[in-house]
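User: Could you teach me how to read a model like this one, feature by feature? I would like the general idea each time, and then the case at hand.

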Amino acid sequence: MGLGGCIILIAVGAILTFATDWDMQGVNVNLVGVIFMVVGLIGVAVFSSIARRRRVVVPPATPVVDDTRPHGRDGYSDGYGV
């Protein structure tokens, strides 16, 4: 589950807990909403800890050496060619 799924779980849990007043027999909708929010918060914490470990440190840029010129004398390397 990615970060988006965790945020959706938190939002759905908040809606079930604070914005509804449904009464279902055998189901406590407020408790289900709190469970969704807790699971979403745990997911965000796990996702952020995994994402922090995946960060790669890029070494500083090294100069690029243009090594595409021919090394031998081809008639044009002395400045008299095109």
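User: Let me start with a single residue: where is Ala19 placed?

Analyst: Happy to help! Ala19 sits in the loop between α1 and α2. Helices here are DSSP runs of H or I with at least four residues, strands are runs of E with at least two, and both are numbered from the N terminus. Before going on, keep in mind that this is a predicted model, where local features need pLDDT of at least 70 and side-chain atom pairs count only at pLDDT 80 or more, while totals for chains, interfaces and linings use all residues. Residues are numbered from 1 along each chain as its sequence is written, and side-chain values use heavy atoms, with hydrogens and water left out.

User: Is Ala19 buried or exposed?

Analyst: Buried means under 20% relative accessible area, exposed means over 50%, and partly exposed is in between (1.4 Å probe, protein chains only). Ala19 counts as exposed because its relative accessibility is 60%. Its C-alpha is separated by 9.7 Å from that of Asn30, 11 residues apart along the chain. Asn30 belongs to helix α2 and is partly exposed at 38%. The C-alpha atoms of Asn30 and Phe18 are 7.7 Å apart, with their positions 12 residues apart in sequence.

User: How do I check the span of α1?

Analyst: The expected span is 1.5 Å times one less than the number of residues. Helix α1 covers residues 3-18, 16 residues in total, and reaches 22 Å from its first C-alpha to its last, close to the expected 22 Å.

User: Which residues of α1 are buried, and why do they line one face?

Analyst: An α-helix has 3.6 residues a turn, so residues three or four places apart point the same way. In α1, the buried residues are Cys6, Gly13, Leu16 and Thr17. Seen down the helix axis, they fall within an arc of 95 degrees, so they line one face; the arc is that of the directions from the axis to the C-beta atoms. Exposed Ile8 and Phe18 are on the face of α1 turned away from the buried side.

User: What about pairs that are distant in sequence?

Analyst: Compare sequence separation with C-alpha distance. Ile7, a residue of α1, is 36 residues from Gly43 in sequence and 8.8 Å from it in space. Ile10, also placed in α1, is 34 residues from Val44 in sequence and 9.7 Å from it in space. Ile7 is partly exposed at 49%, and Ile10 is partly exposed at 24%.

User: Which element gives the largest share of the nonpolar patch?

Analyst: Patches are made of residues with over 30% relative accessible area and no salt bridge, joining like charges within 9 Å and nonpolar side chains (Val, Leu, Ile, Met, Phe, Trp, Tyr) within 5 Å. A salt bridge is a side-chain nitrogen of Lys or Arg within 4 Å of a carboxyl oxygen of Asp or Glu. Here the nonpolar patch has about 1000 Å², with Met1, Ile8, Val12 and Phe36 among its members. The elements giving two or more residues are α1 and α2 (29-54), and α2 gives the largest share, 9 residues.

User: Where does UniProt place the transmembrane region?

Analyst: The unreviewed UniProt entry puts that feature at residues 29-47; such annotations may be inferred rather than shown by experiment. Over residues 29-47 the chain is 100% helix and 0% strand, with its end C-alpha atoms 27 Å apart.

Note on methods. Areas by Shrake-Rupley, 256 points an atom, 1.4 Å probe, with all protein chains shown as cover.
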